[in-house]
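Good morning, colleagues, and thank you for making time for this item. Please bring up the sequence and the structure before I begin.

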Amino acid sequence: MARKVQYFIMENTALAGIASQVRRDIVRMVSAVNSGHPGGSLGCTDFLTYLYFEQMQHNAADFQMDGKNEDLFFLSNGHISPVWYSVLARAGYFPAAELATFRKLGARLQGHPSTDKNLPGIRMASGSLGQGLSVGLGAAQIKKLNQDPTLVYTLHGDGELQEGQIWEAAMYAAANKVDNIIATIDANGRQIDGDVDEVLSLGDLAQKWVAFGWEVLQMDGHNFDSIRSTMQQAKALTGNGKPVVIIMKTEMGQGVDYMMGSHKWHGVAPNAEQLQVALDQLPETLGDY
Amino acid sequence: MEFEVFGNKDTRSGFGEGLAVLGEQNPDVVALCADLTGSLKMDAFQKAHPERFFQAGIAEANMIGLAAGMTIGGKIPFTGTFANFSTGRVYDQIRQSVAYSKKNVKICASHAGLTLGEDGATHQVLEDIGMMRMLPNMTVIVPADFNQTKQATIAIAAHEGPVYLRFGRPVMPIFVKPDAEFVIGKADVLAEGTDVTIIACGHMVWKSIEALKELRAIGISAELINMHTIKPLDAAAILKSVGKTGCVVTAEEHMMNGGLGEAVSQVLSRQYPVPQEYVAVNDTFGESGTPMELMTKYHIDTPDVVAAAKRAIARKSIII
């Protein structure tokens with residue numbers, strides 16, 4: 001379903017309904033295999049739902065690896081694969097029933113995203129952190145070389161920004177005026193060992209990106225009006241000689257009350273009892289897989 | 001068995017010329033370099049096709065990621081930097097974004113091994129073949145001279161998948177014919193013999209050619225194989241030759257651990273165990289010196305190939 005419209009708008013209630021189903025998928029997927037990363041997945045659900053259902057021009061029905069003339073998305077923090085898999089499935093890349101194979105032997109839905117098993121929607125393996133911005137920039141530069149006007153989107157964790165390669169890429173993007181990329185930072189302030197500020201503080205993150213020569217926007221990752229206006233603004237800023245980054249404030253575990261406010265559910269799956277508590281908070285809207 | 005010599009040049013210049021040819025032939029070829037354009041001889045490509053040349057600066061990890069991303073729009077990226085910075089420094093980037101993701105990236109690595117010379121051990125990578133051949137999906141090529149490096153550079157553009165192409169800095173004799181065809185994975189038998197098989201790659205092929213002459217002078221008939229492709233390894237060529245000679249010497253400008261010799265021994269130990277002697281660097285770092293001084297000191301020189309051939313032949317008569 002290619003979206004050729006400049007700004008395709010959905011009702012916020014419709015987006016919220018999809019997001020609720022995606023959150024159900026996430027907690028069910030990780031609980032079923034007693035592993036995986038629900039915290040960051042729940043935190044990025046609203047953003048990825050918006051990105052795939054409203055923002056991007058993309059072709060779910062006929063996935064092409066080379067992605068010519070469609071917007072591309074690269075998930076750099078690959079451990080939040082559950083949210084990506086669910087959004088891809090719900091957007092039509094593969095049957096939602098396949099979500100039941102997550103992390104199981106032989107599955108296309110590997111623990112971290114891969115191209116190895118040819119899952120539609122995925123163009124690059126990720127998991128080892130810090131690599132996705134470089135990949136996105138390479139793809140963006142080739143779009144320019146190919147005179148392809150579509151855009152490249154990337155998503156990164158805030159903890160991931162501790163990787164040096166991110167800053168190599170940030171420097172490169174501004175120096176080479178790669179202005180057809182929109183990078184988003186999932187600023188939930190938490191990582192495996194605790195708060196980002198305690199593990200290794202990023203300092204003034206916005207000023208760092210400004211100093212590296214990027215256009216910097218901020219948004220509330222759980223408010224569709226904020227996401228929409230910021231993403232539209234980001235798109236309008238492309239093509240002006242500067243790369244664009246959005247610092248997106250989110251809550252790890254958003255949507256499941258007992259997972260919020262802590263880093264503890266970064267990489268821990270709920271048991272059967274906890275799963276039921278979570279599902280009671282998340283209305284089924286599109287039908288469970 | 002005389003080898004025609006077509007002059008003397010460095011293998012990195014073969015890469016530069018091959019890349020320039022690709023620039024004219026194939027509009028999908030793009031090149032990236034990490035601040036070593038002159039050292040890698042990428043200037044000609046850069047000058048002729050500035051829109052397809054990407055200067056990454058001294059940021060190799062980003063360069064590998066960029067290259068991986070550039071395959072997605074259908075391009076064939078060639079990255080260029082020293083072998084040390086092409087492998088160990090970026091192993092995880094290559095592993096995840098290139099090898100595991102099966103991206104069509106050509107990692108072109110110069111100044112490999114001891115013959116980088118005076119810069120010393122910080123730059124003399126001797127582990128790169130091992131690192132690269134351990135990666136699934138990776139093809140590993142170590143051409144022997146200027147002509148073969150040029151031919152290999154052109155050939156890998158037509159091969160779909162990740163490739164590691166290793167070459168070097170010293171000026172060495174050119175003995176591969178200018179019009180020779182380079183076939184990935186097909187070894188070149190340079191000389192036929194009956195007493196011992198010498199399997200060499202890179203600069204050690206010329207050293208082995210020199211050794212052949214010395215061996216012949218003392219009545220030893222050696223077969224010489226230029227094993228320019230380390231992976232996939234031409235096992236059929238090895239078995240055919242060793243079936244005739246009954247012993248083998250491997251010769252490489254690389255650590256004994258993980259290199260050509262180990263690749264060959266893996267074939268032999270499983271299919272046709274025979275005595276094998278290794279000409280390789282034995283678990284030590286290098287140091288500053290001229291390339292030829294270093295090859296002598298670290299025992300990867302012509303006399304070392306000759307001595308290894310004698311040892312291998314002697315071991316054939318030992319009955320266990």
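One definition is needed at the outset: angles here run from 0 to 180 degrees between N-to-C directions, and axes are lines fitted to C-alpha atoms, for helices over the stretch in contact. I should also say that what you see is a predicted model.

With that convention, consider helix α8 of chain B, residues 204-217. This helix lies across β9, β10 (196-200), β11 (222-226), β13 and β14 of chain B, and runs at about 170° to β11(B). A further helix, α9 (residues 235-245) of chain B, packs on the sheet and touches β9, β10, β11 and β13 of chain B. The direction of α9 makes about 150° with that of β10(B).

What is the strand order of the sheet itself? In chain B the five strands form an open sheet in the order β9-β11-β10-β13-β14, and the pairing is mixed. β9 (188-191) and β14 (276-281) of chain B are the edge strands, each pairing on one side only. On average, neighbouring strands are turned by 25° against each other, direction ignored. At one end of that order, β13 (residues 248-255) of chain B pairs with β14(B) in the parallel sense over five bridges. There, B:Met255 stands opposite B:Val281 in β14(B).

Let me now turn to the domains. Chain B is assigned domain 1 (8-173) and domain 2 (188-313). Their centres, taken over C-alpha atoms, are separated by 25 Å. In the contact, 28 residues of domain 1 of chain B meet 30 residues of domain 2 of chain B. On the domain 1 side, the elements giving two or more residues are α6 (128-133), β6 (139-141), α7 (146-157) and β8 (171-173) of chain B. By class, that side has 14 nonpolar, nine polar and five charged residues.

Next, the contact between the chains. Chain A contributes 29 residues and chain B 24 residues. On the chain A side, α5 (132-145) and α6 (164-175) are the elements giving two or more residues. The largest share, ten residues, comes from α5(A). The chain A side divides into eleven nonpolar, twelve polar and six charged residues.

Finally, a helix pair in chain A. How do α1 (residues 12-33) and α10 (residues 272-280) of chain A cross? Their axes come within 10 Å and cross at roughly 175°, which makes α1(A) roughly antiparallel to α10(A). A:Arg24, A:Val27, A:Arg28 and A:Ser31 in α1(A) meet A:Leu275, A:Ala278 and A:Leu279 in α10(A). This contact has four nonpolar, one polar and two charged residues.

Note on methods:
Residues numbered from 1 in each chain as written. Chains lettered and ligands numbered in written order. Predicted model: local features only at pLDDT ≥ 70, side-chain atom pairs only at ≥ 80, totals over all residues. Domains from an automatic or database assignment. Contact = placed C-beta atoms within 7 Å. Helix = DSSP H or I, 4+ residues; strand = E, 2+ residues; numbered from the N terminus. Nonpolar A, V, L, I, M, F, W, Y, C, P; charged D, E, K, R; others polar. Parallel < 35°, antiparallel > 145°, perpendicular 65-115°, else oblique. Pairing = 2+ DSSP bridges.
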